[in-house]
Amino acid sequence: MKLVPTPEQAAALEATLRTANKAADLVSRIAFQQWCFRNFDLRKHTYEQVKAAFGLGAQAAQHVIKKVCDAYRTLHANLAAGNLGKPGSARRVKAESKPISFRPQAAQPYDDRCLSWQHADRTVSIWTTAGRLRGIAFTGSAQQLVLLAKHRKGESDLVWRDGMWFLHATVEVPDVPVTAPGGFVGVDLGIANIATTSQGVRHSGKHVNAIRRHNRELRRRLQAKATKSAKRLLKRRRRKEARFAADLNHRIAKQIVTEAERTGRGIALEDLQGIRDRVRLRKPQRVTLHAWSFHQLGAFIAYKAARAGVAVIHVDAAYTSQQCSHCGHVDRNNRPEPGNLHLHVVRLR
């Protein structure tokens, strides 16, 4: 939900985030020094100190401590999974050798004791370091407002982004029973064509790839120029490409799920997990590969399908672009042009 605070309310919200994140930095340093990362144990070392030093309320102080524990849990999970490099690598040593720090305006979680929603008035009441602020207006799409009123559950995060204020609320929507599919729609995910279905529908990536090339060249020129106006333009344009790609993925996912629901079929997606580690490309091709948002599109298809009761399965991606869906024969000649995707991408019987 987007908040529409007055200038005075916005100043109080900003001061709250800055104070909460200063407190989180202190808690993080203590956790690192004491090597204590469990919420209950860390609270013994930091709870009273945080309340006294920063004037936080009881619930706000506990949320700060929990936020620090969650950050360390994520860090340790990434270390264990090898996402930060092998033991002894420069990146891993850097991550392990110092406490986690928090941006001054990083998000802060709120529960129902610190935040309440007035749906009829479309306002919220929220705790800040300046006291309880009431009557902060919020807005959203009609669908979001209905979901918020009916299904909101758990904590919400106060977020500042690009000069705007948001509350990220969690909604818990009841599961829709999955309909037994009368077949499957195979979906091949690619770069030249973002998605190609076994029904012959292609969602071309030509437009988005052209925009990405344009943005890369524009960023290169602005970074080389390095003037104040160039830096302002860079800052203003950040996330623009990501928003465009996400909107395109939403539209493609909606079309695929709608068609599967209409025809009573399930959806078969390629399992592309780890493809960036497996594929070896020349240097000019690496930027294109790493800008490929196949995981986001797959996630959008999965959650939209779950809402509609459409079954989703993942299949081995090996040779799907070279395999004929009718006879199963695999041959490079089935994909004669580089970058083009064979329409029969998944063999399902």
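## A hairpin, a third strand and helix H8

Strands E4 and E5 make a hairpin, with 2 residues sitting between them. Keep in mind that this is a predicted model. The two hairpin strands run antiparallel and are joined by 5 bridges, and Val124 stands opposite Ile136 in E5. Strand E5 also pairs with strand E1, again in the antiparallel sense, over 3 bridges. There, Val4 has Ala137 of E5 as its bridge partner.

Here are the two pairings next to each other:

| Strand pair | Residues | Sense | Bridges |
|---|---|---|---|
| E4 and E5 | E4: residues 123-128 | antiparallel | 5 bridges |
| E1 and E5 | E1: residues 2-4; E5: residues 131-139 | antiparallel | 3 bridges |

Now over to helix H8, which covers residues 240-263. Its 24 residues reach 35 Å from the first C-alpha to the last, close to the 34 Å expected at 1.5 Å a residue. Quite a few H8 side chains are worth a look: the buried residues include Leu248, Ile252, Ile256 and Val257, along with Ala245, Ala246, Ala253 and Ala260. Glu241 and Asn249 are buried in H8 too.

What do the buried residues of H8 pack against? Their partners are strands E8, E9, E10 and E11, plus helices H6 (206-225) and H11 (294-308). Right after H8 comes Gly264, with a positive phi near 70°.

Zooming out, the chain has 11 helices and 12 strands. Of its 349 residues, 38% are buried. Among contacts with a separation of 6 or more, 62% link residues 24 or more positions apart. The chain exposes about 20500 Å², and carbon and sulfur atoms supply 52% of that.

Definitions and conventions. Residues are numbered from 1 along each chain as its sequence is written. This is a predicted model: local features need pLDDT of at least 70, side-chain atom pairs count only at pLDDT 80 or more; totals for chains, interfaces and linings use all residues. Side-chain values use heavy atoms; hydrogens and water are left out. Helices (H or I, at least four residues) and strands (E, at least two) are DSSP runs, numbered from the N terminus. Buried means under 20% relative accessible area, exposed over 50%, partly exposed in between (1.4 Å probe, protein chains only). Contact means heavy atoms within 4.5 Å. Accessible areas come from the Shrake-Rupley method with a 1.4 Å probe; for residues, only the protein chains shown count as cover. The expected span of a helix is 1.5 Å times one less than its number of residues. Two strands pair if DSSP finds at least two bridges between them.
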